[in-house]
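Let's take a walk through this model, starting from the inside and working out to a few odd spots in the backbone. Keep the viewer open as you read.

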Amino acid sequence: MTRSSGSVFAVQDGRSAFLDACRGQDVDHVPVWFMRQAGRSLPEYRAARGTGSILDALKSPELAAELTMQPVRRYGVDAAILFSDIIVPVAAVGFGVDVEAGRGPVVARPFRSAADLQRLRPLDPSADAPYVAETVGLAVRELQGTGVPLIGFAGAPFTVASYLVEGGPSRSYAATKTLMRSDPGLWRELLDRLADLAITSLRSQVMAGASAVQLFDSWAGALSPGDYAERVLPATRRVFEGISDLEVPRIHFGVGTGELLGLMAAAGAEVVGVDWRVPLDEARRRVGPGHALQGNLDPALCLAPWQVVAGEVMEVLARGGGVGHVFNLGHGVLPQTDPEILKRIVDLVHAADPAELCSSEAIV
Ligand code: CP3
């Protein structure tokens, strides 16, 4: 069955296909949203955003809520994601981190010794970063009646630690891995503090109205399974346990995590994010039963001719199997992506019948 397309399918009978899919329940369409759906690929983002650090822009809840809403209006996606950044909590407690245009988070005095733990005191959301909950509140108010839930998020301990230790984006994570192995006690303390910051931040976002959360461990794929299991997973697991009473779906995402998917599934989240390197049917085998999957169109393919994109979308849908699948890219939207292509992807995903995908045996 093919239906006419459009954002109305985000809401059917007051239910959210996104929340239902996260919980492995039947859906009448496969839900779709995009990591980095707000941001530089959108002309309305560039118009509203102005110049200056994202960390300053976020201090205006009206602006941050508007940037949260822009992709919902334009694409008709099934979920909004809070416009914020993974380094907001560490910045808010005064660690000393900034965002450099065209580069990302940078730290003037990287984390090196036990003395640096003093720069990572507990977060008091209402005093340190009141604008986050205010943004959530404004966005949720605007989403009311649309049936589109808001996803809150935080950076996972390892990925945030990598910025603090490296001092900025990294390819090798050499300083991070060196600290992890040369001073395991300090490494554990660092990850524990970052886990506490993530828990506090996620809890306040849910209290303010977020309906689901995603934990971004974007760079966990740099680790061997052994290092991940022993030196990272315990802190990540603690984050998911620390919000389990809130009963919102929890998504656990990383890039290049093909060899870690089974371990990541053990961290406690309902949904495991998968990048484009592992087909979803194979990812399902690695993750095991009882989890939904999110992914996994290659963001670079969004720059290809539409026929190519459409073929790949159908392949991802077929391998996803229609149930327990949240359609997404394997990582964030690339800045040079044509918004019109993303709109067509949403319409194509919404037009597919989950029941048919279920019986297609993942053959395309
Ligand atoms: O990309 C991911 O893996 C998602 C997790 C993540 C976020 N921020 C979440 C986010 C990571 C790893 C970061 C760090 C970061 N912060 C980077 C990447 C640097 C690197 O190592 O490659 C950058 C460039 C920033 C700063 C930043 N964050 C900017 C300039 C913006 C504005 C929008 C844009 O893309 O230019 C953000 C927004 C942001 N960071 C969002 C999220 C979930 C909100 C946008 C959305 O998802 O719609």
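A nonpolar core here means a set of buried Ala, Val, Leu, Ile, Met, Phe, Trp, Tyr and Cys residues joined through side-chain atoms within 4.5 Å. One thing to keep in mind throughout: this is a predicted model.

**The core and Leu-190**

With that definition in hand, the largest nonpolar core comes to 127 residues. The residues with the most contacts inside this core are Phe-18, Val-90, Phe-111, Leu-190, Phe-327 and Ile-345. Helix H10, spanning residues 184-207, gives the most to the core, with eleven residues. As a general backdrop, nonpolar side chains in soluble globular proteins tend to be buried together.

Leu-190 is a good residue to click on, since it sits in helix H10. Its relative accessible area is 0%, so Leu-190 is buried. Setting aside residues up to four places away in sequence, Leu-190 touches Phe-111, Leu-117, Leu-120, Ala-161, Val-165 and Leu-179. Phe-111, one of those partners, is also listed with Leu-190 among the residues with the most contacts in the core. If you want a distance across the model, try Leu-190 to Gly-273: they are 83 residues apart in sequence and 25 Å apart in space, C-alpha to C-alpha.

**Two helix pairs**

Two packed helices are described by the angle between their axes and the distance between the axes. Here are two pairs to compare on screen.

| Helix pair | Angle between axes | Distance between axes |
|---|---|---|
| H4 (residues 61-75) and H7 (residues 130-143) | about 40° | 8 Å |
| H8 (residues 157-166) and H10 | about 115° | 9 Å |

At an angle of about 40°, H4 counts as oblique to H7. The crossing of H4 and H7 is right-handed. On the H4 side, the contact is made by Pro-61, Glu-62, Ala-64, Ala-65, Thr-68, Met-69, Val-72 and Arg-73. H7 answers with Tyr-131, Glu-134, Thr-135, Leu-138, Ala-139, Glu-142 and Leu-143.

H8 passes H10 in a right-handed crossing too. H8 brings Pro-157, Phe-158, Val-160, Ala-161, Leu-164 and Val-165 to the contact, while H10 brings Trp-187, Leu-190, Leu-191, Leu-194 and Ala-195. So here's Leu-190 again, and its partners Ala-161 and Val-165 are on the H8 side of this contact.

**Around His-252**

Now move to strand E8, residues 250-253, where you'll find His-252. Is this histidine, His-252, buried or exposed? With 0% relative accessibility, His-252 counts as buried. Its side chain reaches the backbone oxygen of Met-264 at 3.3 Å.

His-252 has plenty around it. Beyond its neighbours within four places in sequence, His-252 is in contact with Leu-215, Asp-217, Tyr-228, Thr-236, Phe-240, Met-264, Ala-267, Ala-269, Val-271, Val-272 and Gly-273.

Thr-236, one of those contacts, lies in helix H12, residues 233-241. Thr-236 is also at 0% relative accessibility and counts as buried. Its own contacts, again leaving out neighbours within four places, are Pro-157, Leu-215, Asp-217, His-252 and Ala-267. Pro-157 is worth noting on this list, as it is also one of the H8 residues in the contact with H10.

**Pro-354**

Further along the chain, Pro-354 is in helix H17, residues 354-358. Its relative accessible area is 6%, so Pro-354 is buried. Pro-354 and Gly-322 are 32 residues apart in sequence, but their C-alpha atoms are 4.3 Å apart in space. Leaving aside neighbours within four places, Pro-354 is in contact with Val-27, Asp-28, His-29, Val-30, Gly-321 and Gly-322.

**Backbone spots to check**

Which peptide bond is cis? The bond from Gly-295 to Asn-296, with omega near -10°. Asn-296 belongs to strand E10, residues 292-297.

Then there are positive phi values in residues other than glycine. Arg-36 has phi near 60° and is found in the loop between helix H1 (17-22) and helix H2 (43-49). Its relative accessible area is 55%, which makes Arg-36 exposed. Glu-247 has phi near 55°, and its place is in the loop between H12 and E8. Glu-247 counts as exposed, at 65% relative accessibility.

Key
Residues are numbered from 1 along each chain as its sequence is written. This is a predicted model: local features need pLDDT of at least 70, side-chain atom pairs count only at pLDDT 80 or more; totals for chains, interfaces and linings use all residues. Side-chain values use heavy atoms; hydrogens and water are left out. Helices (H or I, at least four residues) and strands (E, at least two) are DSSP runs, numbered from the N terminus. Buried means under 20% relative accessible area, exposed over 50%, partly exposed in between (1.4 Å probe, protein chains only). A polar contact is a pair of N or O atoms within 3.5 Å; within protein, one must be able to donate a hydrogen and the other to accept it, and residues adjacent in sequence count only if both atoms are side-chain atoms. Contact means heavy atoms within 4.5 Å. Axes are lines fitted to C-alpha atoms, for helices over the stretch in contact, and angles run from 0 to 180 degrees between N-to-C directions. Angles under 35 degrees count as roughly parallel, over 145 as roughly antiparallel, 65 to 115 as roughly perpendicular and the rest as oblique. A crossing is left-handed if the near helix is turned anticlockwise from the far one by less than a right angle, and right-handed if clockwise.
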